[in-house]
Amino acid sequence: MYFRKSYFVGLVLFVLGVVGGFQSCDRSKRGAVIEQWHSDNKPFKIRVTAYEETGANVNGAYYLFEAAPSGSDHWREIMTFRHDDDPKIPANQVRYVNDDIGYVFMGWMYAVTTDAGRTWSVWSAEKDLPDWQCCNYKLISDVTIGSDGRGEMRLNPIEGRRGEVAELRTNNYGRHWTQP
């Protein structure tokens, strides 16, 4: 009986240590700016800032996507994506369809505006892809959106990974995605 109790106590302490280690990731925060990039469109512009991640067991980076009216420095957050590594800012993943419609994507997140950056709709595989299993940092391979609202999201599914699919389609600029 003593062996079982000490084994159980050791197991509990191990689990608490592991959970405690994972909790430190939850305490991570943005540190210094690594790099910044911006793109201008006539009525609005998009800026992406990469920040060092601090306070985690293994530090990566935070990528803050923001929008502002052209000629203004009034930046509003679109979305933040935390990456386990610190890749270069994905400038080719910031796109404009026309003066009013633009979209951004990174990892498993996508955001779109249809009113020149005033409001944004954010899609995340974490919430919006049924049964998706985190974390595929290269999940979204490419996105194409037309001025009529129809579009396609090509994905890089990890074989055998729960919830990942090869392709999604939209008819409302990517506010909602469905499997073909």
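## A tour from the β1–β2 hairpin

Start by selecting strands β1 and β2, which are joined in a hairpin through three residues; strands here are DSSP runs of E with at least two residues and helices are runs of H or I with at least four, numbered from the N terminus. The model is a predicted one, in which local features need pLDDT of at least 70 and side-chain atom pairs count only at pLDDT 80 or more, while totals for chains, interfaces and linings use all residues. Residues are numbered from 1 along each chain as its sequence is written, and side-chain values use heavy atoms, with hydrogens and water left out.

**The whole chain**

Colour the chain by secondary structure, and two helices and 11 strands appear, following the pattern α-β-β-β-β-β-β-β-β-α-β-β-β along the sequence. Of the 180 residues in the chain, 41% are buried, where buried means under 20% relative accessible area, exposed means over 50% and partly exposed lies in between, with a 1.4 Å probe and protein chains only. Among the contacts with a separation of 6 or more, 47% come from residues 24 or more positions apart, a contact being heavy atoms within 4.5 Å.

**The four-stranded sheet**

Now select β1 to β4, which form an open sheet of four strands in the order β1-β2-β3-β4 with antiparallel pairing; two strands are taken to pair if DSSP finds at least two bridges between them. β1 (29-40) and β4 (76-83) stand at the edges with a single partner strand each, so one side of each has no neighbour in the sheet. From one strand to the next the twist averages 20°, given that axes are lines fitted to C-alpha atoms (for helices over the stretch in contact) and angles run from 0 to 180 degrees between N-to-C directions.

Go back to β1 and β2 (residues 44-54), whose antiparallel pairing is made of nine bridges. Two bridge partners are worth picking out: Ser39 is paired with Ile46 of β2, and Lys29 is paired with Thr54 of β2. Is β2 enclosed or open? Nine of its 11 residues are buried, so the strand is largely enclosed by the rest of the structure.

Add β3 (residues 61-69), which pairs with β2 in the antiparallel sense over nine bridges; within this pair, Tyr51 stands opposite Tyr62 in β3. The β2–β3 hairpin has six residues between the strands, and in it Gly55 takes a positive phi near 85°.

**Charged pairs**

Nine salt bridges are found in the whole structure, each defined as a side-chain nitrogen of Lys or Arg within 4 Å of a carboxyl oxygen of Asp or Glu. Select Arg82 and Glu53, whose side chains meet in one of these at 2.7 Å, N to O. This pair links distant parts of the chain, with Arg82 in strand β4 and Glu53 in strand β2, 29 residues apart. Arg82 is partly exposed at a relative accessible area of 24%, whereas Glu53 is buried at 3%.

Then show Arg95, Asp142, Glu152, Arg154, Glu167 and Arg169 together, since they are linked in a network of salt bridges. Within that group, Glu152 and Arg154 meet at 2.4 Å, N to O, and Arg154 is partly exposed at 29% relative accessibility. Glu167 forms a salt bridge with Arg169, with their closest N and O atoms 2.5 Å apart; Glu167 is partly exposed at 23%, and Arg169 is partly exposed at 38%.

**A buried Asp without a salt bridge**

Move to Asp115, placed in the loop between β7 (109-113) and β8 (121-124). Asp115 is buried yet has no salt bridge, and the nearest side chain of opposite charge, Arg118, is 4.5 Å away; Lys and Arg count as positive and Asp and Glu as negative, while His and the chain ends are not counted. What does the side chain of Asp115 make a polar contact with? The partner is the side chain of Thr113, at 2.9 Å; a polar contact is a pair of N or O atoms within 3.5 Å, where within protein one must be able to donate a hydrogen and the other to accept it, and residues adjacent in sequence count only if both atoms are side-chain atoms.

**Around Leu129**

Finish at Leu129, in the loop between α2 (125-128) and β9 (140-145), where this residue is buried with a relative accessible area of 5%. Leaving aside neighbours within four places in sequence, Leu129 is in contact with Trp123, Ser124, Leu139, Gly163, Glu164, Val165 and Leu168. Add Trp177, which is 48 residues from Leu129 along the chain, and the C-alpha atoms of the two are separated by 8.7 Å.
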